Amino acid sequence: MNGPVVVGVDGSPSSMEAVEVAAREAGLRRVGLRLVHAFNWPAAHVPPGGPWEPSGAGLRELIDDALAKAEQRAHRRAPGIEVTREVVIGEPVTVLEIESCTASLVVVGSRGLNRFGALLLGSTAGHLTAHAACPVLVVRGRPNPAGPVLLAVDGSPSAHGAVEFAFAQASMHGRDLIALHAWSAQSERAYDGPSDPPFMTYDESRMRDEEQRVLTEALGGPGEKFPDVTVHRRLVRGRIRHSLIEASAEAALVVVGARGRGGFAGLLLGSVSQAVLHHAQCPVAVVRTGGV
């Protein structure tokens, strides 16, 4: 998609960090940057006249100042990009979800300001990663400037978009890609058939070979599309959440799908994605099926 990179701006330090990340992403994609402030009328305790009436002039100045500072930081980070500003009446979560329908990427901070309509992880950011129509990048932690893109691979069809996105990010930023696939004895591929109970024995060697095949197949297509990306395949035995969070300490970005293998049909954001969003030590991108 050639839509703009959209970033939520509320004036908080977290959202200003998100603006810089979004500006760089827009520059690399050669698309515009759209600064969006979601004005949550009731939560902001707006005077009866509203922010655009004389009685709301002070609040209007605060919003304009936040957007102006955000635009300045964006131009410093990525000179030459086209920047537009927009103030939209509505809940931040609703506003940014709508914006995602025409965006190539939505970027948000992990924490925000309640009086501006908070961009808080667990509310706006958490909802967006489950419902947005495009990839969502949550700026958190301290990325390793020279670190790789870290991709969670589970082999499920729903994770294909995340694999494509991770390869594209690694290519644009000139980074290596670490494709991490975790397995354990509880995996459904550990047994001879779907009816086998979990207490039956399994062939560890056969299972490792199968998991290696899953990892190889998941990377095949995108690997051919981005031959410039150096891929490091990492097959680990253990819990995927722990492995990803631990590996995120040396990464520039973690990429996960919204819901992978084993997720419940009605669960839009899987437990792995939620855990990484809350505990990763660097920014996290969540990509829903087809959301590249």
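These legends accompany several close-up views of a predicted model.

**Figure 1. The whole protein, before we zoom in.**
Welcome to the predicted model, which has 8 helices and 10 strands. Of its 292 residues, 49% count as buried. If you look at contacts with a separation of 6 or more, 77% of them come from residues 24 or more positions apart. The views that follow pick out two helix pairs, a pair of rings and some single residues.

**Figure 2. Helix 7 packed with helix 8.**
Two packed helices are described by the angle between their axes and the distance between the axes. Here, helix 7 (residues 240-247) and helix 8 (residues 271-279) pack at an angle of about 30°, and their axes are 10 Å apart. Angles under 35 degrees count as roughly parallel, and helix 7 and helix 8 are therefore roughly parallel to each other. Their crossing is right-handed. On the helix 7 side, the contact is made by Ile-240, Arg-241, Leu-244 and Ile-245; helix 8 brings Ser-271, Val-272, Ala-275, Val-276 and His-279. Sorted by class, the contact of helix 7 with helix 8 has 6 nonpolar, 2 polar and 1 charged residues.

**Figure 3. The buried residues of helix 7 and what covers them.**
Staying with helix 7, this view shows its buried residues Ser-243, Leu-244, Ile-245 and Ala-247. Which elements help to cover the buried residues of helix 7? The cover includes four strands to look for: strand 6 (149-152), strand 7 (177-183), strand 8 and strand 9 (253-257). Helix 8 is also part of the cover. Leu-244 and Ile-245, both buried, are also among the residues that helix 7 brings to its contact with helix 8.

**Figure 4. Helix 5 crossing helix 6.**
The second helix pair has axes that come within 10 Å and cross at roughly 35°. Helix 5 passes helix 6 in a right-handed crossing. From helix 5, the contact involves His-160, Val-163, Glu-164 and Phe-167. From helix 6 come Ala-218, Leu-219, Pro-222, Gly-223 and Lys-225. By class, this contact of helix 5 with helix 6 has 5 nonpolar, 2 polar and 2 charged residues. Keep an eye on Phe-167 of helix 5, as the next view returns to that residue.

**Figure 5. The aromatic pair of Phe-167 and Phe-226.**
The structure holds 1 aromatic pair. Phe-167 and Phe-226 form this pair, which is stacked, with 6.3 Å centre to centre and 20° between the planes. Phe-167 lies in helix 5 (residues 160-173) and Phe-226 in the loop between helix 6 (204-225) and strand 8 (231-237), so the pair ties together parts that are 59 residues apart in sequence. Are these two residues, Phe-167 and Phe-226, buried or exposed? Both are buried.

**Figure 6. Ala-182 and its surroundings.**
Ala-182 has its place in strand 7, and at 16% relative accessibility Ala-182 counts as buried. Setting aside its neighbours within four places in sequence, Ala-182 is in contact with Val-236, Gly-238, Arg-239 and Ile-240. For one of these partners, Gly-238, a C-alpha separation is at hand: 6.0 Å from Ala-182, with the two residues 56 residues apart along the chain. Ile-240 will be familiar from the contact of helix 7 with helix 8.

**Figure 7. Ala-132, a buried loop residue.**
Look for Ala-132 in the loop between helix 4 (124-131) and strand 5 (136-139). Ala-132 is buried, with a relative accessible area of 2%. Apart from neighbours within four places in sequence, Ala-132 is in contact with Ser-100 and Arg-288. The C-alpha atoms of Ala-132 and Val-286 are separated by 9.5 Å, and these residues are 154 residues apart along the chain.

**Figure 8. Ser-14 and Arg-30, a buried and an exposed residue.**
Ser-14 lies in helix 1 (residues 13-29) and is buried, with a relative accessible area of 9%. Leaving out neighbours within four places in sequence, Ser-14 is in contact with Gly-109, Ser-110 and Arg-111. Arg-30 sits in the loop between helix 1 and strand 2 (33-39), and at 80% relative accessibility Arg-30 counts as exposed. Most residues other than glycine have a negative phi. Phi of Arg-30, however, is near 60°, a positive value.

Methods:
Residues are numbered from 1 along each chain as its sequence is written. This is a predicted model: local features need pLDDT of at least 70, side-chain atom pairs count only at pLDDT 80 or more; totals for chains, interfaces and linings use all residues. Side-chain values use heavy atoms; hydrogens and water are left out. Axes are lines fitted to C-alpha atoms, for helices over the stretch in contact, and angles run from 0 to 180 degrees between N-to-C directions. Helices (H or I, at least four residues) and strands (E, at least two) are DSSP runs, numbered from the N terminus. Angles under 35 degrees count as roughly parallel, over 145 as roughly antiparallel, 65 to 115 as roughly perpendicular and the rest as oblique. A crossing is left-handed if the near helix is turned anticlockwise from the far one by less than a right angle, and right-handed if clockwise. Contact means heavy atoms within 4.5 Å. Ala, Val, Leu, Ile, Met, Phe, Trp, Tyr, Cys and Pro count as nonpolar, Asp, Glu, Lys and Arg as charged, and the others, Gly among them, as polar. Rings of Phe, Tyr and Trp (its six-membered ring) pair if their centres lie within 6.5 Å; planes under 30 degrees apart count as stacked, over 60 as edge-to-face and the rest as tilted. Buried means under 20% relative accessible area, exposed over 50%, partly exposed in between (1.4 Å probe, protein chains only).
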